[in-house]
Amino acid sequence: MNDDTRTVIRRVLREHARLPVDVDTLGDDADLFAAGMTSHASVNLMLALEDAFDIEFPDRMLTRGVFDSVSAIAAAITELSGDGEPSAAGGGT
Amino acid sequence: MSVPADSERGLLEAVRRIAEEVAAAAADDVDRNARFPAEALEALRGAGALSAAVPEALGGQGASLETIARCCFELGRRCSSTAMVFAMHQIQVLTIARHLDGAPWFESYLRELHQEQRLIASATSEVGTGGDMSRSIAAATPEGEGVLSFEKQAPTVSYGAHADDLLTTLRRTPDAEPGDQVLALTKSGQAELEPAGAWDTLGMRGTCSPGFLVRARFASEQVLAAPFAEVMNQSMVPLSHILWSHVWLGIATDAFERARAFLRASARRRPGEPLPAAARLSHVMAELTLLRGEVSQALHDFQADDVDDRARLMTMASVLRFNNLKLAASEHAPSVCAGALEVVGIVGYRNDTPYSVGRHLRDALSARLMVANERLHATDAALLLIAKEP
Ligand SMILES: Cc1cc2nc3c(=O)[nH]c(=O)nc-3n(C[C@H](O)[C@H](O)[C@H](O)COP(=O)(O)OP(=O)(O)OC[C@H]3O[C@@H](n4cnc5c(N)ncnc54)[C@H](O)[C@@H]3O)c2cc1C
């Protein structure tokens with residue numbers, strides 16, 4: 001896992017998660033839902049992450065737990081893309 | 001459907017008998033006077049049915065969801081209000097049993113529930129958030145020495161004045177976000193329910209579900225420790241949609257049966273004469289068949305995921321699946337009742353004939369409001385953008 005992935009995740013969070021606090025005040029393991037992310041905002045977050053990393057989250061990964069912290073999101077992206085690099089390649093079916 | 005164990009068959013038989021002999025006889029009076037179906041609940045207590053879902057290890061029957069759903073259906077055919085009270089109680093018991101995770105307070109509570117056949121009501125909706133179970137305003141507030149308190153404006157608490165205990169959604173702490181929730185169980189002496197208005201409604205009159213201002217003080221171990229998102233997605237929401245749908249299917253089934261009985265009686269009176277309403281009833285039967293298929297398939301899907309990998313119930317695909325059950329059942333059940341009314345005509349419109357179906361229609365219309373369908377559509381509209389399977 002590299003810092004780049006987390007930086008991109010934080011940018012996407014800032015733009016789409018509609019958190020009542022600045023994401024930079026939250027640690028990588030902080031619970032985003034406890035910090036005020038709504039289920040509705042979490043769907044926009046997932047769509048934006050698919051776009052930013054050019055991946056598709058399969059149904060089994062579309063759960064609250066997979067998106068509840070920066071670390072959890074990074075782990076999911078690593079699992080899907082192999083290297084966790086934001087890229088224009090691969091992804092989808 | 002698998003064959004239930006003997007004890008479960010006994011339970012189902014007892015509930016069916018109570019439905020036919022006790023609930024059916026009181027149904028019109030319960031409806032007319034918007035009164036609690038006390039005699040049916042007493043009979044259900046006598047049969048030990050209020051602890052049907054309590055695991056055997058804690059003294060209960062550990063009945064399968066199939067059997068409990070079947071009981072909801074049988075009661076729904078005879079008295080919608082009794083059936084809905086029974087269904088809601090079972091949802092709270094199952095939720096506790098499935099998520100107590102060995103907590104001693106909750107284990108001994110369930111033993112007590114079995115011994116005393118205690119009845120649990122619920123306050124999940126709230127003035128300000130409506131039927132959105134995933135947000136709360138009222139908060140669990142520490143009062144020192146392991147004591148918590150809350151004050152919640154509950155717009156609709158079914159059988160609130162008749163229940164022993166109350167299951168309530170709350171924010172975890174006074175400074176928690178609306179979505180950071182817990183579930184608390186308070187016992188009769190610990191919660192004060194101040195009525196806010198009456199319950200004089202179109203249907204489901206015997207559920208006696210007015211608003212209340214709830215004030216409670218209780219021990220911190222009465223809060224379920226499991227993460228609320230798990231409790232909601234693995235149990236409260238899908239089980240509500242499954243058991244409510246069985247109640248609505250029961251109501252629709254009885255409306256259909258009354259219409260069929262009416263046509264049979266007409267046919268016997270005038271043998272050989274054309275019976276144009278029979279064709280209309282055939283349409284109603286087709287819709288009822290579709291409804292029955294969806295209700296039993298949803299139960300089957302839930303059990304498959306539950307046994308196989310409970311985490312799958314956390315997925316958005318699963319949320320969509322059980323929202324779609326609720327949407328389908330809540331639209332088709334009243335439609336079947338309205339169809340039955342058209343078949344029977346004025347005799348069904350009257351409230352005093354063996355073929356009356358007005359009560360069925362009024363009761364079934366509540367289904368769309370019991371968490372507004374538009375609210376579920378709004379949730380689904382977001383989820384379908386990201387979910388992959390249909
Ligand atoms: C018979 C019966 C028994 C009940 N028993 C209980 C009980 O025991 N305990 C309990 O806690 N609750 C109970 N309820 C309450 C129920 O669960 C709902 O909370 C209640 O009906 C109000 O919430 P709502 O979401 O339906 O409507 P509201 O939130 O009040 O919505 C009002 C209006 O806004 C619309 N709307 C809401 N959200 C959206 C959206 N996102 N998009 C588009 N339109 C929207 C709705 O369609 C509706 O027209 C009961 C209800 C019934 C009918």
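So, salt bridges between chain B and chain A: there is one. In this predicted model, that bridge pairs B:Lys388 with A:Glu50, and their closest N and O atoms sit 2.8 Å apart. Besides that, if you look for polar contacts across the interface of chain B and chain A, you get four residue pairs, both partners at pLDDT 80 or more.

Which parts of chain B do the touching? Two helices give two or more residues each to the side facing chain A, namely H8 (316–344) and H11 (373–386) of chain B. H11(B) gives the most, with four residues. By type, that side of chain B splits into nine nonpolar, three polar and four charged residues.

Now the whole interface. Chain B brings 16 residues to the contact and chain A brings 18. Together the two chains bury about 1400 Å², with 67% of that on carbon and sulfur atoms.

Okay, let's go inside chain B. It's divided into domain 1 (3–118), domain 2 (121–222) and domain 3 (228–386). I'll stick with the first two here. The centres of domain 1 and domain 2 of chain B, over C-alpha atoms, are 22 Å apart. In contact there, you've got 23 residues of domain 1 and 20 residues of domain 2. These two domains of chain B bury about 1900 Å² between them, 63% of it on carbon and sulfur atoms. And who supplies that area on the domain 1 side? B:Phe36, B:Trp105 and B:Arg118 account for 30% of what domain 1 buries against domain 2, more than any other three residues.

B:Arg118 turns up again in a salt bridge with B:Asp165, closest N and O atoms 2.8 Å apart. The count of salt bridges between domain 1 and domain 2 of chain B is three, and there are nine residue pairs in polar contact, again both at pLDDT 80 or more. On the domain 1 side, the helices giving two or more residues are H1 (6–32), H4 (80–99) and H5 (104–116) of chain B. H4(B) gives the most, nine residues. That side of domain 1 is made up of 11 nonpolar, six polar and six charged residues.

Last stop, the ligand. Of the 18 residues around it, the ones that come nearest are B:Ser122, B:Ser125, B:Ser158, B:Leu369 and B:Arg375. How does the backbone come in? A backbone N or O atom of B:Ser122 lies 2.8 Å from a ligand nitrogen. For B:Leu369, a polar backbone atom is 2.7 Å from a ligand oxygen, and for B:Gly131 a backbone N or O atom is 3.0 Å from an oxygen atom of the ligand.

Conventions
Residues are numbered from 1 along each chain as its sequence is written. Chains are lettered from A and ligands numbered from 1 in the order in which they are written. This is a predicted model: local features need pLDDT of at least 70, side-chain atom pairs count only at pLDDT 80 or more; totals for chains, interfaces and linings use all residues. Side-chain values use heavy atoms; hydrogens and water are left out. Domain bounds come from an automatic or database domain assignment. Contact means heavy atoms within 4.5 Å. Buried area is the accessible area (1.4 Å probe) that two parts lose on being put together, summed over both. A salt bridge is a side-chain nitrogen of Lys or Arg within 4 Å of a carboxyl oxygen of Asp or Glu. A polar contact is a pair of N or O atoms within 3.5 Å; within protein, one must be able to donate a hydrogen and the other to accept it, and residues adjacent in sequence count only if both atoms are side-chain atoms. Ala, Val, Leu, Ile, Met, Phe, Trp, Tyr, Cys and Pro count as nonpolar, Asp, Glu, Lys and Arg as charged, and the others, Gly among them, as polar. A residue is near a molecule or strand if one of its heavy atoms lies within 4 Å of it.
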